[in-house]
Structure formats: C-alpha cells, structure tokens
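Trainee: I would like to take a close look at a single part of this model with you, and to hear how that part fits into the rest of the chain.

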Amino acid sequence: MKHIVKGCEPPSFQSWKKKNPRADWDHFSGTETYKELRQYLINEQVMLCCYCEIALKENSDAHIEHFKPKSKYPAERFNYNNLFASCKYNDSCGTKRLSEYFTGLISPLDEKCQSRFTYTGNGMIIPFDENDEYAQRTIKLLALNCKRLRLQRESIIKILDNEEITSDYLEQSLINCVDWYNGFFTVIRYVADKRGTA
Ligand SMILES: [Zn+2]
C-alpha cells in the first residue's frame, strides 16, 4: 500500500457541494464534477489504485472509493479526505469489500502504511510484522492476495530480482511503474530494498 499525500480538494467539487448541500452520493455520481474529481484523485495517487497499486490509466478505470463506507458513515460521504480512486476489479479492493469496514483498517493516508506490508518472492503481500493483526485483516478484507494480483506481482519480482538488473534500472522502474509494470510501486520498492539498491 503506497502512502498517499492529499492536497486540497478541487474547486469544482467544493462549489458543487455548496450548491447541493443536502445531496446524497447517487445525486453526485453521474455528474461531470464526479468525473473531474475522479481524475483529480487518480493524478493525486500518481495513477495507482489506492489499495492494490494497479495502474489507473483511464478515468473510467477507477471508481471513487469511500475509505469509511458512506452507508455506515453518511457524514463522511463528501469529505475529501475520505475519498480515493480505487480500481474496478471485482475480486479485490473497493469493489470486493463493498461496505465492510473495521476500526484499524489501514489507510493509504497513514504515513506508516507502506512499512506495514512486505512481499514474498511469489508475489504474496504479507504484514511486515507477523503479529500485526490489522495488516493481516486489511489484506483479507481488500482481498489483496487474490490470484490475479499475486500473479502480476510475481512476474514483476521475477523480472527485477535478477543480478543483471542495475540499481539505475530499478530507480527508473519506480518512476515509470505505471507504463512499464502496470503499477505496483511498492513491489518494485521491495525488490530494490531486497537488493540493497535504489
Ligand atoms: Zn485495486
């Protein structure tokens, strides 16, 4: 899970909220402002899904995800800090967990979120500390070890965890992860750390 640093919300979203103070999410989700906000979030997240880090290359590759589900926390439905761009795959992430949530679910806004997870050579994501129960529950709830994600990570690790790969190339891979490896920034980071480079 890559750490996300949030900036200010886009002015168009702010003014939409002012004009529609009692609106519910369904009222918002079909609008042009929704699409603008979605693109804004994608850019803020350097084109990566907020949970699995798969590349979000097109606006329509993502949905706007409520970290705290809007059904359980209606007051948070338009809170910018609760909104992320998540992939649309139905075997992981926001689409898979629906409105499930627990206190302690690890947020991409948590400064330490990256360091709470690591990987295995065959592409599994695991808690960095095996006793970190919340990291384990987060992986499970978001289905971050579904077969599709594990196989993509495994193939990246196989390519990069190789003595012929230079630290410069790993550095470039981190910068270009969206185009070269369909995302997965922290998987490349894991290989670079393991090799003691980049
Ligand atoms: Zn995802």
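Does F184 count as buried or exposed, and how many C-beta neighbours inside 10 Å does F184 have?

Mentor: Please keep in mind that this is a predicted model. F184 has 28 C-beta neighbours inside 10 Å, and because a residue with 20 or more counts as buried, F184 is classed as buried. F184 sits in the loop between α8, which covers residues 177-181, and α9, which covers residues 185-195. Its backbone deserves attention as well, since the phi of F184 is positive, at about 65 degrees, although F184 is not a glycine. As a general rule, most residues other than glycine have a negative phi.

From this loop we can go on to the helix that follows, α9, and ask what it packs against. One partner is helix α7, residues 167-175, whose axis comes within 9 Å of that of α9, the two crossing at roughly 165 degrees. That angle makes α7 roughly antiparallel to α9, and the crossing is left-handed. The contacts are made by L170, S173 and L174 on the α7 side, which meet F185, I188, R189, V191 and A192 of α9.

Another partner is helix α6, residues 147-160, which packs against α9 at an angle of about 35 degrees, with the axes 10 Å apart. Here the crossing is right-handed, whereas that of α7 and α9 is left-handed. From α6, the residues R153, I156, I157 and L160 meet V187, I188 and V191 of α9. If you set the two lists side by side, I188 and V191 appear among the α9 residues that meet α7 and also among those that meet α6.

A positive phi also occurs at V46, where the angle is about 45 degrees although V46 is not a glycine. V46 lies in the loop between α3, residues 32-44, and β1. With 16 C-beta neighbours inside 10 Å, V46 counts as partly exposed, whereas F184, with its 28, counts as buried. There is also a link across the sequence at this point, in that the C-alpha atoms of V46 and V178 are separated by 8.5 Å while the two residues are 132 positions apart along the chain.

The loop that holds V46 leads to β1, and β1, residues 62-66, pairs with β2 in the antiparallel sense over 5 bridges. Within that pairing, H63 has S86 of β2 as its bridge partner. Strand β2 runs over residues 83-87, and 5 of its 5 residues are buried, so the strand is largely enclosed by the rest of the structure. L83, A85 and C87 point one way from β2 while F84 and S86 point the other way, and the residues on both sides are buried.

As for the setting of these parts, the protein chain has 9 helices and 4 strands, arranged along the sequence in the pattern α-α-α-β-β-α-β-β-α-α-α-α-α. Of its 198 residues, 31% count as buried. Of the contacts with a separation of 6 or more, 64% join residues 24 or more positions apart. The radius of gyration is 17 Å, which agrees with the value near 16 Å that a compact globule of 198 residues would have, and the C-alpha trace spans about 60 × 35 × 25 Å along its principal axes.

Notes: Residues are numbered from 1 along each chain as its sequence is written. This is a predicted model: local features need pLDDT of at least 70, side-chain atom pairs count only at pLDDT 80 or more; totals for chains, interfaces and linings use all residues. A residue is buried if 20 or more other C-beta atoms lie within 10 Å of its own, exposed if 12 or fewer, and partly exposed in between; C-beta atoms are placed from the backbone. Two strands pair if DSSP finds at least two bridges between them. The radius of gyration is taken over C-alpha atoms; the globule rule is 2.2 Å times the number of residues to the power 0.38. Two residues are in contact if their C-beta atoms, placed from the backbone, lie within 7 Å. Axes are lines fitted to C-alpha atoms, for helices over the stretch in contact, and angles run from 0 to 180 degrees between N-to-C directions. Angles under 35 degrees count as roughly parallel, over 145 as roughly antiparallel, 65 to 115 as roughly perpendicular and the rest as oblique. A crossing is left-handed if the near helix is turned anticlockwise from the far one by less than a right angle, and right-handed if clockwise.
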